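Trainee: I would like to go through this protein with you one piece at a time. Could I ask about single residues first and then about pairs and groups?

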Amino acid sequence: MCEIHRIKCGNVNCYILKNGSSAILVDTGKKEHFQQVLEACKAFHVKLIVLTHAHFDHAENAAQLSSTLDIPIGMHESDCDLLPSNFSQALSASTFLGKIVLSASLKEFAVHTVPEVKPDVLLREGDSLSSYGIDAQVLALPGHTDGSIGLDVEHRHLLVGDALMNMFYPTVSMLYHDRDAMLESAGKISSMGSRTIYFGHGKPVSNRKWG
């Protein structure tokens, strides 16, 4: 049975999924949390880094962790354009809190980059991570970004990146590149029934109707 270890890096979550002697890292946090994430990884035999999407707060440490741990990086091809610049896919917000988060995010996009990430594995809907020792399937969850993905772990847990958020309260993503796609992804998550939802931001909750 897979264990899920949450690494709280400020307001961003990274996760280590462990099954027996195998583990994967989901998202990597901001550069100021590099050592924290690295030390967490050293307790496990991490075989893969999965990026739920390419915004810097989830991917800034990916290249350095990949090099240090000598492990590959997996992500969706549709987010590769965000690696040189997080401005490559415009973001919008409709709620008051969302607009505050958007303003803060855009200011950080201007000063942060994702250093030289070259994905080794391009992940798509339905891909299995069993070859890395983890019973999980990739979910395409576009909307927050074009290439946002999640992981369905043992049909019990869903890691959703920023397809949903729990910064202030559990909700659909406050920031989106494509609102219609974001709502469709939220509906897809709802339809999966009984699962624990693990967010890129905030504490886990039980699955519910989203959107």
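Trainee: Leaving aside its neighbours within four places in sequence, which residues is glutamine 89 in contact with?

Mentor: Contact here means heavy atoms within 4.5 Å. Once the neighbours within four places in sequence are set aside, glutamine 89 has contacts with Ser78, Asp79, Asp81, Leu82, Thr145, Asp146 and His177.

Trainee: What kind of model is this?

Mentor: Residues are numbered from 1 along each chain as its sequence is written, and side-chain values use heavy atoms, with hydrogens and water left out. Local features need pLDDT of at least 70, side-chain atom pairs count only at pLDDT 80 or more, and totals for chains, interfaces and linings use all residues, since the model is predicted.

Trainee: Is glutamine 89 buried or exposed?

Mentor: Glutamine 89 sits in the loop between strand E5 (73-75) and helix H4; helices (H or I, at least four residues) and strands (E, at least two) are DSSP runs, numbered from the N terminus. Buried means under 20% relative accessible area, exposed over 50%, and partly exposed in between (1.4 Å probe, protein chains only). With a relative accessibility of 3%, glutamine 89 is therefore buried.

Trainee: Asp146 was among those contacts. Which residues form a negative surface patch with Asp146?

Mentor: Asp and Glu count as negative and Lys and Arg as positive, with His and the chain ends not counted. A patch takes residues with over 30% relative accessible area and no salt bridge, joining like charges within 9 Å, or nonpolar side chains (Val, Leu, Ile, Met, Phe, Trp, Tyr) within 5 Å. Areas come from the Shrake-Rupley method with a 1.4 Å probe, where only the protein chains shown count as cover for residues, and a charge is placed at NZ of Lys, CZ of Arg, CG of Asp or CD of Glu. The partners of Asp146 in the patch are Asp81, Asp178, Asp180 and Glu184.

Trainee: What is the relative accessible area of aspartate 146?

Mentor: Aspartate 146 belongs to the loop between strand E7 (136-140) and strand E8 (149-153). This aspartate is called partly exposed because its relative accessible area is 36%.

Trainee: How many salt bridges does a search of the whole structure find?

Mentor: Side chains of opposite charge can pair when their charged atoms come close. A salt bridge is counted when a side-chain nitrogen of Lys or Arg is within 4 Å of a carboxyl oxygen of Asp or Glu. Searching the whole structure gives a number of salt bridges equal to 6.

Trainee: With which residue does glutamate 108 form a salt bridge?

Mentor: The closest N and O atoms of this salt bridge are 3.4 Å apart, and glutamate 108 forms it with lysine 30. The pair links distant parts of the chain, 78 residues apart: glutamate 108 is in helix H4, and its partner is in the loop between strand E3 (22-26) and helix H1 (34-42). Glutamate 108 is partly exposed at 28%. The buried partner, with a relative accessible area of 13%, is lysine 30.

Trainee: How many residues apart are lysine 42 and glutamate 39?

Mentor: Lysine 42 and glutamate 39 form a salt bridge, with their closest N and O atoms 3.3 Å apart. Lysine 42 is exposed at 54% relative accessibility, while glutamate 39 is partly exposed at 43%. Both lie in helix H1, about one turn apart, and their separation in residues is 3.

Trainee: How far apart are the closest N and O atoms in the salt bridge of glutamate 125 and lysine 188?

Mentor: In this salt bridge of glutamate 125 and lysine 188, the closest N and O atoms are separated by 2.8 Å. The pair joins distant parts of the chain, 63 residues apart, with glutamate 125 in the loop between E6 and E7 and lysine 188 in helix H5 (residues 179-190). So the value for the closest N and O atoms is 2.8 Å.

Trainee: What is phi of glutamate 154 near?

Mentor: Most residues other than glycine have a negative phi. Glutamate 154, in the loop between E8 and strand E9 (157-159), has a positive phi, near 55°.
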